[in-house]
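Please look through the structure below, and then follow a set of questions that ask on what grounds each description rests.

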Amino acid sequence: MRNNLGVKTYIYPEPVLIIATYDEDNNVDVMNAAWGGICGEDTISICIDASHKTTSNLKKNKALTVSMGIREYVKECDYVGIVSQNVHKDKMAKVNFTYTKSEFVNAPVINELPLTLECQVLSYDDETEIMIGKIINVSADNTIMSDGHIDLDKFHPIVFDPCNHVYRELGDVVGKAFNEGLKLK
């Protein structure tokens, strides 16, 4: 038997996206967003409330970086989602994140988060609050790489469980993509 739950944001997994921008004084602003994902070969879509400082920053600079939250920094990733840069100007100092200016867009790369999409803002819709970004570069720290690829045995991205309000880590391999279905042919 199925249960009708009504309209909910229950899609799994929901990535924990850590967005970084520069403000009008070139200070780094970081926030946590869960409603986003890949929407094309070189584009990402994220729903970001218009009231966020990050929103005004990305509209002004036309750039942002998007990193995956990781197990090792779950406390810091949660903090940047519950504290507003509009109120707490010292968010970066509180979490002890360091950054490097992206070589590709006018936005900071958070050094502690090993996978980052460096994006140019293509659009922000004030009505739907959806930002579309073009991925200009993806940078990955050597610590999460094996044989030139990201290795999920070394990289521990977290996801948001919207039903239970917890963060989870991705799990075990359950099959080989583009292979398991061949067994049914």
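Q: What makes residues of helix H1 count as buried, and which are they?
A: In this predicted model, the buried residues of H1 (residues 53–61) are Lys53, Thr54, Thr55, Asn57, Leu58 and Asn61, where buried means under 20% relative accessible area, exposed means over 50% and partly exposed lies in between, with a 1.4 Å probe and protein chains only. Helices (H or I, at least four residues) and strands (E, at least two) are DSSP runs numbered from the N terminus. The cover over the buried residues of H1 includes S2, S3, S6, S9 and S10, and just after H1, Lys62 takes a positive phi of about 60°.

Q: How do you know what the numbering and the values rest on?
A: Residues are numbered from 1 along each chain as its sequence is written, and side-chain values use heavy atoms, with hydrogens and water left out. As the model is predicted, local features need pLDDT of at least 70 and side-chain atom pairs count only at pLDDT 80 or more, whereas totals for chains, interfaces and linings use all residues.

Q: Why is Gln120 called partly exposed?
A: Gln120, which has its place in strand S9, has a relative accessibility of 36%, and therefore counts as partly exposed. Not counting residues up to four places away in sequence, Gln120 touches Lys62, Ala63, Val105, Ile132, Gly133, Lys134 and Ile136, where contact means heavy atoms within 4.5 Å.

Q: What makes Asp42 and Lys134 a salt bridge?
A: A salt bridge is a side-chain nitrogen of Lys or Arg within 4 Å of a carboxyl oxygen of Asp or Glu, and the side chains of Asp42 and Lys134 meet at 3.1 Å, N to O, so the pair fits the definition. Asp42 lies in the loop between strand S4 (36–40) and S5 and Lys134 in strand S10, so the pair ties together parts that are 92 residues apart in sequence. Asp42 is partly exposed, at 33% relative accessible area, and Lys134 is partly exposed too, at 29%.

Q: Why is Asp151 said to have no salt bridge?
A: For buried Asp151, the nearest side chain of opposite charge is Lys154, 4.6 Å away, and a salt bridge needs the two atoms within 4 Å, so the pair does not qualify. As to charge, Lys and Arg count as positive and Asp and Glu as negative, while His and the chain ends are not counted. The side chain of Asp151 does make a polar contact with the side chain of Ser146, at 2.7 Å; a polar contact is a pair of N or O atoms within 3.5 Å, of which, within protein, one must be able to donate a hydrogen and the other to accept it, and residues adjacent in sequence count only if both atoms are side-chain atoms.

Q: How do you know that S1 and S13 pair, and what follows for the edges of the sheet?
A: Two strands pair if DSSP finds at least two bridges between them, and S1 and S13 have two bridges in the antiparallel sense, so the definition is met. Strand S13 (residues 158–161) and S14 pair over four bridges, also in the antiparallel sense. The open sheet of three strands thus has the order S1-S13-S14. Strand S1 (14–15) and strand S14 (166–169) stand at the edges, each with a single partner strand, so one side of each is left without a neighbour in the sheet.
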